[in-house]
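Grab a pencil and work through these exercises one at a time. Try each task yourself before you read the solution under it.

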Amino acid sequence: MIKNYKNKIFCGDTLTILKSLPDEIVDLGVTSPPYNKGEDKKGWLVKNVKYKGASDKLPENLYQKNQVAVLNEIFRITKSGGSFFYNHKIRWERGILLHPMDWLRKTKWVIRQEIIWDRMIAANIRGWRFWQVEERIYWLYKPKDNHYIGKELKPRHALLTSIWRFPPERENPHPAPFPLALPIRCIFSVMDEEKGKLIIDPYCGSGTTLVAAKILGHNFIGIDISKEYVKFSEKRLRNYKIEEKYANEEIAKHIVIKTFKERKEKGEFTGKYGSQNNKKVEQHSVFKLFE
Ligand SMILES: C[S@@+](CC[C@H](N)C(=O)[O-])C[C@H]1O[C@@H](n2cnc3c(N)ncnc32)[C@H](O)[C@@H]1O
């Protein structure tokens, strides 16, 4: 069993390393696993997203089995009441749609929410379908005392919607990084001002989640199979201060003018259809409340 895991990046296979970590140590995780794109297929994504040190081509049934095993190991090492944010996308294999829900429902996690990540740009622009500009982020939850719902988000986070709109990262040399705003939003929304928690990214790539954790005052565990990406992440973490301004841009979006309680007390819009108060506000603009 690995005892010294805090603020470490492990180089190796995710499932193997997860198996050697103790139970219930992690508070929250964020990841984007390899998507099993299949490297003999055509398309921009297949040509341009190639990882150093790992192939991304498994028979789909083995890939999904592996993801279920990885997610169940993450469940084991996560504390009850903890969350995991899993970024994936809808894919097609010979015309058959493959949906992340196909394997997420086979894991031990409670699926708390499906978030649409609007990347505003398509990876594959052939005309077989409408351009796919979105990916998905699944908020997974480990129940505490048989309680499946979990704590409420603070209003300043809950007022953000379930469609997250940020473009993909372009400056990063890794072939498939997510933007820093993504893990910042996941971690900050759940942890709010809490500090010193343990955040994991089991496919950490260029270390984006780890940098987000550090900026927000948390500890981290990273895993990646590529030595090159691990080295890159370590360097990025040493220079994390440079990225604080991008994190602050995301944090600035978590605002609330008036909480639900304050609006209710003042007889203002609370989102209840048909109420007199709502009609009054609708004449002005409901959206002003969220500006
Ligand atoms: C989509 S990328 C993650 C990118 C990351 N979110 C970032 O912002 O840089 C997936 C990562 O999984 C790694 N990987 C692929 N197979 C792996 C395995 N079996 N064990 C550990 N890491 C693996 C790849 O090297 C790649 O860096």
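**Exercise 1. How many helices and how many strands are there in the chain?**

Step 1: Know what you're looking at. This is a predicted model, where local features need pLDDT of at least 70 and side-chain atom pairs count only at pLDDT 80 or more, while totals for chains, interfaces and linings use all residues. Residues are numbered from 1 along each chain as its sequence is written.

Step 2: Know the rule. Helices (H or I, at least four residues) and strands (E, at least two) are DSSP runs, numbered from the N terminus.

Step 3: Count. You should get 11 helices and 10 strands.

**Exercise 2. Work out the strand order of the open sheet of eight strands, and find its edges.**

Step 1: Strands pair if DSSP finds at least two bridges between them. Following the pairs gives the order β1-β10-β9-β2-β3-β7-β6-β8, with mixed pairing.

Step 2: β1 (8–11) and β8 (163–165) each pair on one side only, and that makes them the edge strands.

Step 3: Check the twist. On average, neighbouring strands here are turned by 20° against each other, direction ignored. For angles like this, axes are lines fitted to C-alpha atoms (for helices, over the stretch in contact), and angles run from 0 to 180 degrees between N-to-C directions.

Step 4: Zoom in on one pair. β9 and β10 run parallel, joined over four bridges. Aspartate 201, for one, has glycine 222 in β10 as its bridge partner.

Step 5: Add a helix. α7 packs on this sheet and touches β2, β9 and β10, and its direction makes about 175° with that of β10.

**Exercise 3. Decide whether helix α7 (residues 208–215) is largely enclosed or open, and say why.**

Step 1: Use the cut-offs. A residue is buried if 20 or more other C-beta atoms lie within 10 Å of its own, exposed if 12 or fewer, and partly exposed in between, with C-beta atoms placed from the backbone.

Step 2: Apply them. Eight of the eight residues in α7 are buried, so the helix is largely enclosed by the rest of the structure.

Step 3: Find what surrounds α7. Contact means C-beta atoms, placed from the backbone, within 7 Å. The buried residues of α7 pack against β2 (26–31), α6 (181–191), β9 (198–201), β10 (219–224), α8 (227–238) and α9 (244–251).

Step 4: Look just past the end of α7. Glycine 217 takes a positive phi of about 85° there.

**Exercise 4. Which residues touch the most other members of the largest nonpolar core?**

Step 1: Such a core is a set of buried Ala, Val, Leu, Ile, Met, Phe, Trp, Tyr and Cys residues joined through C-beta atoms within 7 Å.

Step 2: The largest one has 46 residues, and Phe85, Ile184, Ile187, Ile199, Ala212, Ala213 and Leu216 touch the most other members. The top contributor is α6, with eight residues.

Step 3: Follow one residue. Outside its neighbours within four places in sequence, isoleucine 187 contacts Leu28, Val30, Ile199, Ala212, Ala213, Leu216 and His218.

**Exercise 5. Is aspartate 145 buried or exposed, and why?**

Step 1: Locate aspartate 145 in the loop between β7 (134–141) and α5 (155–158).

Step 2: Count 6 other C-beta atoms within 10 Å, so aspartate 145 is exposed.

Step 3: Check the backbone. Aspartate 145 has a positive phi of about 50°, although it is not a glycine.

Technical notes
Contact = placed C-beta atoms within 7 Å.
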